[in-house]
Every structure is written in C-alpha cells, then in structure tokens.
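Welcome! Here is a short tour for anyone meeting this protein chain for the first time. Take a look at the sequence and the structure before reading on.

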Amino acid sequence: MKILIVEDDPQVSRLLSRQLANEGCEVRTAGSAEEAIRLAGLECFQLIITDINLPGMNGLAAIDALKRAGGAPILVMTGHADEEFALDARMLGAIGLIAKPFESEVLRGFLRDLSPHEVSGGMPV
C-alpha cells in the first residue's frame, strides 16, 4: 500500500514512516498541505494520513484539496480533536480521525479495516 504522510513535525513523520514501512507500506512524506497536494496530483496513493495543524493552509481546506487532488482516502491525525471538527472532517471525506499520540495498533487497525474499494480510491489496485 502506498501512503502519503502529511506532517510538519519531522520526528513524528519519521516515527510514523518507520511504523508503516514495518507494516510493508511504501511511504512518502510531505511537510505541508501544499506539498502534499502537489504530490497527490503527481502520484497515486492508496491512503493519505494527515496532521490537521499544518503551517499555511487551514486543516479542513487541506482535506478538501487533498481529496480533489488524488481521491485517496484520508485519515486525519490531531492532538486537538473535538466532535464538531470530526464531523466537519468526515463531511469533507475523511475516513477517520485519530488523536495524537496514538499506539501503533490503532494505525494497524485502520489499515486492516480499509476495504479494497477505499484502498484503491475507487480504482483497480
């Protein structure tokens, strides 16, 4: 599975990349929403995992733009989750929201639970 991680904290990005690589995933990283949108337009990802508090673009706008750029399912990470934000993120197409910090088993659960349709973004894998 090819995954794009959007995280501005290099330490969190490295840790998450390592965890996903250990699960057999191919991982690309972006430090901003703008960089992620560019990558999503150039490459085919089966999943995008994004922090919501990124420099520059508003988090909800980033979800919408990433969805339009590549069509991959989006999993949102945040240290500041509330019910209204979670609902807004889902309305824009996010498949889930996980609160940071999280255990690697939580991430494994999301990877396991993705249906083949979600993983392919509606296209054949």
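## A serine in a loop

Let us begin with Ser32, which is found in the loop between strand S2 (26-30) and helix H2 (33-42). This is a predicted model, and the details below should be read that way.

Is Ser32 buried or exposed? Its relative accessible area is 17%, and buried means under 20%, so Ser32 counts as buried. The side chain of Ser32 also has a partner: at 3.1 Å, it reaches the backbone nitrogen of Glu35.

## Gln46, Lys2 and Phe45

Further along, Gln46 sits in the loop between H2 and strand S3 (47-51). Gln46 is buried too, with a relative accessible area of 15%. Which backbone atom lies 2.7 Å from a polar atom of the Gln46 side chain? The answer is the backbone nitrogen of Lys2.

Lys2 has a second link to follow, this time through its side chain. The charged end of Lys2 sits over the ring of Phe45, 5.3 Å from the centre of that ring. So Lys2 is a good residue to click on: its backbone nitrogen leads to Gln46, and its charged end leads to Phe45.

## Cysteines and rings

How many disulfides does the structure hold? The count is zero. As background, a disulfide is a covalent bond between the sulfur atoms of two cysteines.

Two cysteines can be looked at for their surroundings. Cys25 is buried, at 12% relative accessible area, whereas Cys44 counts as partly exposed, at 48% relative accessibility. The cut-offs explain these labels: Cys25 falls under 20%, while Cys44 lies between that value and 50%.

Aromatic pairs are another thing to look for. A search of the whole structure finds zero of them.

## The whole chain

Now step back to the overall layout. The chain has six helices and five strands. Starting at the N terminus, the order of these elements is β-α-β-α-β-α-β-α-β-α-α. Strands and helices thus take turns along the chain until two helices come one after the other at the end.

How much of the chain is buried? Of its 125 residues, 41% are. On the outside, the chain exposes about 6,600 Å², and carbon and sulfur atoms supply 53% of that area.

Contacts also tell us how the chain is put together. Taking those between residues at least 6 apart in sequence, 61% join residues at least 24 apart.

Notes. Residues numbered from 1 in each chain as written. Predicted model: local features only at pLDDT ≥ 70, side-chain atom pairs only at ≥ 80, totals over all residues. Heavy atoms only, no water. Helix = DSSP H or I, 4+ residues; strand = E, 2+ residues; numbered from the N terminus. Buried < 20%, exposed > 50% of the residue type's maximum accessible area, 1.4 Å probe, protein only. Contact = heavy atoms within 4.5 Å. Areas by Shrake-Rupley, 256 points an atom, 1.4 Å probe, with all protein chains shown as cover. Disulfide = S-S within 2.5 Å. Phe/Tyr/Trp six-rings, centres within 6.5 Å; stacked < 30°, edge-to-face > 60°. Lys NZ or Arg CZ within 6 Å of the ring centre and 35° of its normal. Polar contact = N/O pair within 3.5 Å; in protein donor to acceptor, adjacent residues only side chain to side chain.
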